Structure formats: C-alpha cells, structure tokens
Amino acid sequence: MLLSFRVENHRSLRDEQELILLPSEQSESGFPVPDEITPLRVTGIFGANASGKSALVKALQFMRRTMIYGSVPGFGGPRSNFGTEDDDEDRIPREPFLLDEDSAARTSGFAVELLLQGIRHSYGFTVNDSEVAEEWLHLQTGDGEEHVVFEREGLAFTYGDRDPDAPELTDLLNLAPSALLISVLANASPNMFHSETVRALSRVRNWFRSSLRLRQGDMMRGGTGMRRAPSDRLDRLDRLALLAQAVDTGIRGYSVEENP
C-alpha cells in the first residue's frame, strides 16, 4: 500500500514535491508507526493546467519502469542498462527541470513509502544523466523499530547488521554505475539469494510490478469516450456537472461546441 511518493527535479517539478496518502492528522509530524497507520482510500490532485499534475504521475511511471526494467520509455522488456542503440548506452533517460541552468546538473530523486506485510518500506534513489548517485531501503516494523537494509552512494554500499551476507551480493553481481540494485537483483533470479536485503527489495519491486496501476485518460482522445454518440456524451456531461457541483468547484455545467 502506497503511503507517500516524493519526486524532485523531474519535468516541471523542480523542487521536491510529496504526495501523502494519509489523513492530515497522521502526517503532520511524520508517519505514525505502521500498526497505527490508516491510509486514505482515495486521494485527489487538483491544480491549474500545466501546474504539474501529469508530471507527478509520469514521475511515478518513470520510477516504476526504471525499477522493473531498467529501460527507456517505449521499450517493453528488461535491458542490462538504460541506453538505446541510437544513443549513449549508459545514458539514463531522466527528464530534469529545463527552465534554469542548474537543474540539468542536479540529480533527479524518486522515493516511496510503502506499507507491506505490516512493515513500512522506505525506498528511493537519485540519478543523474549517467549513473545512480544514491539508492536506499529502510524498514520500520509495526511497533516502530527501524533498521537500514542498505544505503548506496555511487558504487559504495553499506548494509544493515541484520544481513551479514548482503555485501557479497554486489561483489557477485558486478553492478554497473547506471543500474539500480533493486532492478539487477530482480533480473538475476533473487530466489537464488537467501538474504533479508533481497527479500525486502523483492517485496518493493513486486508491489510496483503487480499492485501499482496507473491510468491516464484524455477527454478528447477517447480516454473518457467524449467522441461517442451525442446522447451518450450529454449523459457524461451531466454526470461531470454533478461531480463538479458536489466538490464545490463553482462549475454548474458543461457544453461542447464542435468546429467543423
């Protein structure tokens, strides 16, 4: 279950932004211990056009794709690195903020808080154009006990004391600077490794792969069926108007005028 998502320096989001899926009284002073967390079932993102709503969703898509495939947009299968045949094979296809000169040189960051099997998993990474700058995974048990699974700076890894065999993982896998540990372990049949690090990373990756569903629709491109028969379209407009009134937007109705 997703508790929060943070992103920084991605598309139109220059500074760190966080989407929190907890009631406000539970998130004012940080997360409560996992046993006391009551996530929201629905969260809405509101804003003007070009205010960053789509960028937030695309950032979560980028994080998911990078963790599962380590591939560029448009490629459907696993790859050993982030590159394409037509580009520098080590380039990470991030999209930093473009409206100032400093952001292109800064890293882009992505992080989630997940509640899985009663344990809070804090996973994230930062990347520049060619390498993973940071990657980490921390856990918090139901009663609030915290421990570090691993932390990474470049290719330097430190592991928590609960998994003494974990340092051997990076020696065996010959990790590339542009690869995430979570992605490489998953593609290297993690069931072969018996360690807490692999099990915890597999839980996070499996959530992104099996539980996260991202849907985007465009009213004028079939996403909501606005180009269907006129009677059906009017029914949808009436329902949209009721929804707008229910959330007190000030909108009282919609109409469509077609320009031949």
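**View 1. Strand S6 (146–153) and helix H5 (196–211) each put at least two residues into the lining of the largest cavity.** This is a close-up of a predicted model. Strand S6 gives the largest share of that lining, with three residues.

**View 2. Here's the lining of the largest cavity, residue by residue.** Going along the chain, you'll find His147, Val148 and Val149, then Gly160, Arg162 and Asp163, and finally Glu196 and Thr197. What classes of residue make up this lining? It's a mix: two are nonpolar, three are polar and three are charged.

**View 3. Now for the space inside the largest cavity, about 40 Å³ of it.** How many cavities of 30 Å³ or more turn up when the whole structure is searched? Just one. Rolling a probe the size of a water molecule over the atoms is what shows where empty space is left.

**View 4. Over to Ser122, a residue of strand S4 (residues 119–127).** Is Ser122 buried or exposed? Ser122 counts as buried because its relative accessible area is 11%, and the cut-off for buried is under 20%.

**View 5. Zoom in on the side chain of Ser122 and you'll see its polar contacts with Glu113 and Arg120.** The side chains of Ser122 and Glu113 pair up at 2.5 Å. With the Arg120 side chain, the Ser122 side chain makes a polar contact of 3.4 Å.

**View 6. Last up, the residues that Ser122 touches from further along the sequence.** Leaving aside anything up to four places away in sequence, Ser122 is in contact with Val112 and Glu113, and also with Trp136, Leu137 and His138. Glu113, then, appears here as well as in the side-chain polar contact of 2.5 Å with Ser122.

Key
Residues are numbered from 1 along each chain as its sequence is written. This is a predicted model: local features need pLDDT of at least 70, side-chain atom pairs count only at pLDDT 80 or more; totals for chains, interfaces and linings use all residues. Side-chain values use heavy atoms; hydrogens and water are left out. On a 1 Å grid over the protein atoms alone, a cavity is a set of points where a 1.4 Å probe fits but cannot get out, and a pocket is an open set with protein on both sides within 12 Å along at least five of seven lines; lining residues have an atom within 4 Å of a point. Grid points are joined across faces, edges and corners, and a volume is the space filled by probe spheres set on the points. Helices (H or I, at least four residues) and strands (E, at least two) are DSSP runs, numbered from the N terminus. Ala, Val, Leu, Ile, Met, Phe, Trp, Tyr, Cys and Pro count as nonpolar, Asp, Glu, Lys and Arg as charged, and the others, Gly among them, as polar. Buried means under 20% relative accessible area, exposed over 50%, partly exposed in between (1.4 Å probe, protein chains only). A polar contact is a pair of N or O atoms within 3.5 Å; within protein, one must be able to donate a hydrogen and the other to accept it, and residues adjacent in sequence count only if both atoms are side-chain atoms. Contact means heavy atoms within 4.5 Å.
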